[in-house]
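Please examine the fold as a whole before turning to a single side chain. The explanation below follows that order.

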Amino acid sequence: FQLVEYLRGLGHKDIGLVVAKFGTEHSPMRERYEGYRSAMDILGIEFHPEWVVQYVGHENIETELARLINSDRRPTALICAEDIVAIRVQDLLRKFGYAVPRDL
C-alpha cells in the first residue's frame with residue numbers, strides 16, 4: 001500500500017506489480033497483492049490485471065516481463081514483492097534496453 005502511495009506521490013498513475021504466484025491460501029505474497037489492489041482502489045488508480053506479473057520460482061520472470069513491457073500500453077512504475085526479484089527485474093529491463101529509473 002505504501003509503495004503505491006509513494007509512486008502516486010511521484011506522479012505515477014500506471015503502476016504494475018511483480019509478485020510470486022499464490023493460491024487461495026493466506027501468504028505474504030497474497031498480502032502484498034491485496035495491499036497493492038487496495039491502494040489502487042482507494043487512491044483511484046486504474047487497475048490493469050495484465051500489469052500484474054506473477055512468477056513461479058523465478059523461472060518465468062523474463063518471459064512475463066517481456067510480455068508486459070512489449071505490450072501496447074505498459075506501466076511507468078513497477079513494484080516488486082521481493083528485493084531479489086527487484087534486482088532481477090532491473091537487470092532484465094536493462095537487457096531489454098530500458099534505463100532504470102529513467103524509462104521505468
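The paragraphs that follow describe the overall fold and then the surroundings of one arginine.

The model shown is predicted. Its protein chain contains four helices and three strands, and read from the N terminus these elements follow the order α-β-α-β-α-β-α. The C-alpha trace extends over about 35 × 30 × 25 Å along its principal axes. For 104 residues, a compact globule would be expected to have a radius of gyration near 13 Å, and the value of 13 Å for the protein chain therefore agrees with that expectation.

Contacts and surface add to this picture. Of the contacts in the protein chain with a separation of 6 or more, 68% join residues 24 or more positions apart. Buried residues account for 39% of the 104 residues. The accessible surface amounts to about 6100 Å², and carbon and sulfur atoms contribute 51% of that surface. As for charge, the chain carries 13 positive and 16 negative charges, whose mean positions lie 4 Å apart.

Arg 74 offers a local view of the fold. This residue sits in the loop between helix H3 (61–69) and strand S3 (77–80). Is Arg 74 buried or exposed? Its relative accessible area is 24%, and because buried means under 20% and exposed over 50%, Arg 74 is classed as partly exposed.

Beyond its neighbours within four places in sequence, Arg 74 is in contact with Asp 14, Trp 51, Leu 68, Ile 69, Tyr 98, Asp 103 and Leu 104. With one of these, Asp 103, the side chain of Arg 74 reaches the backbone oxygen at 3.5 Å. Gly 16 lies 58 residues from Arg 74 in sequence, yet their C-alpha atoms are 8.3 Å apart in space.

Note on methods. Residues numbered from 1 in each chain as written. Predicted model: local features only at pLDDT ≥ 70, side-chain atom pairs only at ≥ 80, totals over all residues. Heavy atoms only, no water. Helix = DSSP H or I, 4+ residues; strand = E, 2+ residues; numbered from the N terminus. Rg over C-alpha atoms; globule rule 2.2 N^0.38 Å. Buried < 20%, exposed > 50% of the residue type's maximum accessible area, 1.4 Å probe, protein only. Contact = heavy atoms within 4.5 Å. Areas by Shrake-Rupley, 256 points an atom, 1.4 Å probe, with all protein chains shown as cover. Lys, Arg positive; Asp, Glu negative; His and termini not counted. Charge placed at Lys NZ, Arg CZ, Asp CG, Glu CD. Polar contact = N/O pair within 3.5 Å; in protein donor to acceptor, adjacent residues only side chain to side chain.
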